[in-house]
Amino acid sequence: MKALTWHGKGDIRCETVPDPAIEHGRDAIIRVSSCAICGSDLHLFDGVMPSMHHGDVLGHEAMGEVVEVGRDNQALSVGDRVVVPFTISCGECFFCRRGFFSGCERSNPNAADAKKLWGQSPAGLFGYSHLLGGYAGGQAEYLRVPYADVGPIRVPDGMPDEQALFLSDIFPTGYMAAEFCDIQPDDTIAVWGCGPVGQMAIRSAFLLGAGRVIAIDTVPERLAMAQAAGALTLDFMDEDIYDRVQELTRGRGADACIDAVGTEPETRSGLDAVIDRVKVAAFMGTDRPHVLRQAIQCCRNFGTVSIVGVYGGLLDKIPMGSAINRGLTFRMAQTPVQRYLPRLMELITSGRFDPSFVVTHQAGLDAGPDLYATFRDKADGCVKVMLRP
């Protein structure tokens, strides 16, 4: 089959790899009809995430048709059209039983390596390094889905791929980011990063009752998309974000702040961001938490900082004194997608939410390597890439 594979920093290739096969009785094989490039895939493209191997198949946002089912899988049938969560979860362990599917204790075969870095291991993920299981990803013509009787959800007849695909990751992640804020009527929510997850968080915040959303970015197309959703937009290259948030909230700060950027902010966004970049380049640091620092400072007393941007290692110079003395609450997670799928599917089928708005570029797998660069460089108005194998 054809697939997008990793061969080092900045080196993504579309090449032929072996077809997947059933390896366990609960597996399923799907013929991928649509997949996407995620912002977190760019951390792989940029060489930020460790434990990638040459030839690894990328991608964790995928959907398609079931073409083969393991003997123990009673949940799916050949011909089912499904969307696949990026979190691989057994459905039976301590965390899965409590709805914390992204903390699954069984799905990461390399859990011992993850524990060395993080203390405990999260669930395995599709196409996202050997630290998280070494699973082949979904930017391919076919995908093996482990524990396929737990993860995939059937897509209703007539629902286009553009609406269903983002149930795999960015819609649940953006919704979770907003849900973490415990939004009360008329709350002001500030969102850093108007990429795909940020866009979903903006719309989810309004859906959950926010009175105002402040969207922070510098890319014109992203800011325009956020403004179309009703957000008040700030360009961090033109304005001092702390001062503007204080002005807009009468000096109190935002009720909750969402970090939808993570470890690779725009280096020009502040002096601390420049220092972070130098330290990472000199192997004196692992992450660049400029946005998190700013979100903490901009949050009101006893407010919430919701973190869904990806960080991988150790964060430097976090203003914990500010957070502790002002009573901030931190909420963060890799999204337990399965927990959210039923309610988010209902939002789509009822017409209350249409995630397809975020797609700006569509192409076949052959165009994937070039579109990785386009997406990373925010060129050609690119906000979200959808691929059709």
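Start by selecting helix α6, residues 196-207, in this predicted model. Helix α6 lies across β11, β12 (212-217) and β14, and its direction makes about 170° with that of β12.

Now bring up the sheet that these strands belong to. Show β13, β12, β11, β14, β15 and β16, in that order: these 6 strands form an open sheet with parallel pairing. At its edges you will find β13 (232-235) and β16 (329-332), each pairing on one side only. Ignoring direction, neighbouring strands of this sheet are turned by 20° against each other on average.

For a detail inside this sheet, zoom in on β11 (residues 188-192) and β14 (residues 254-259). The two strands run parallel and are joined by 4 bridges. Pick I189 and look across to β14, where its bridge partner is A256.

Next, select helix α10, residues 290-298. Is it enclosed or exposed? Colour it by burial and you will see that 8 of its 9 residues are buried, so the helix is largely enclosed by the rest of the structure. The buried residues are H290, V291, L292, R293, Q294, A295, I296 and C298.

Move on to the region with a record attached. UniProt, in an unreviewed entry, places the feature "domain: Alcohol dehydrogenase-like N-terminal" at residues 27-153. Select that span and you have a stretch that is 13% helix and 26% strand, with its end C-alpha atoms 14 Å apart.

Stay here for some strand pairing. Strand β3 (residues 28-37) and strand β5 (residues 62-69) run antiparallel, with 7 bridges between them. Click on I29 and then on E68, its bridge partner in β5. From β5, carry on to strand β6 (residues 81-84): this pair is also antiparallel, joined by 4 bridges. Here G64 has V82 in β6 as its bridge partner. While side chains are on display, keep in mind that in a regular strand they alternate between the two faces of the sheet.

Now select Q338, which sits in helix α12 (residues 337-349). What does the side chain of Q338 make a polar contact with? Its partner is the side chain of S89, at 3.3 Å. Q338 is buried, with a relative accessible area of 10%. Show its surroundings: leaving aside neighbours within four places in sequence, Q338 is in contact with P85, T87, S89, F101, V150 and G151.

For the last part of the tour, go to the open sheet of 3 strands, ordered β2-β1-β4 with antiparallel pairing. The edge strands are β2 (12-16) and β4 (56-57), and each pairs on one side only. Strand β1 (residues 2-6) is joined to β2 by 5 bridges, the two running antiparallel. Select L4 and you will find C14 of β2 standing opposite. Then add helix α13, which packs on this sheet and touches β1 and β2. The direction of α13 makes about 160° with that of β2.

Finish on α13 itself, residues 368-377. Which of its residues are buried? They are G368, L371, Y372, T374 and F375. Look down the axis of α13: these buried residues fall within an arc of 170°, so they line one face of the helix. Step just past the helix to reach K378, which follows α13 and has a positive phi, near 55°.

Note on methods
Residues numbered from 1 in each chain as written. Predicted model: local features only at pLDDT ≥ 70, side-chain atom pairs only at ≥ 80, totals over all residues. Heavy atoms only, no water. UniProt positions renumbered as here; feature names shortened; annotations may be inferred. Buried < 20%, exposed > 50% of the residue type's maximum accessible area, 1.4 Å probe, protein only. Polar contact = N/O pair within 3.5 Å; in protein donor to acceptor, adjacent residues only side chain to side chain. Contact = heavy atoms within 4.5 Å. Arc of directions from axis to C-beta. Pairing = 2+ DSSP bridges. Axes fitted to C-alpha atoms, helices over the stretch in contact; angles between N-to-C directions.
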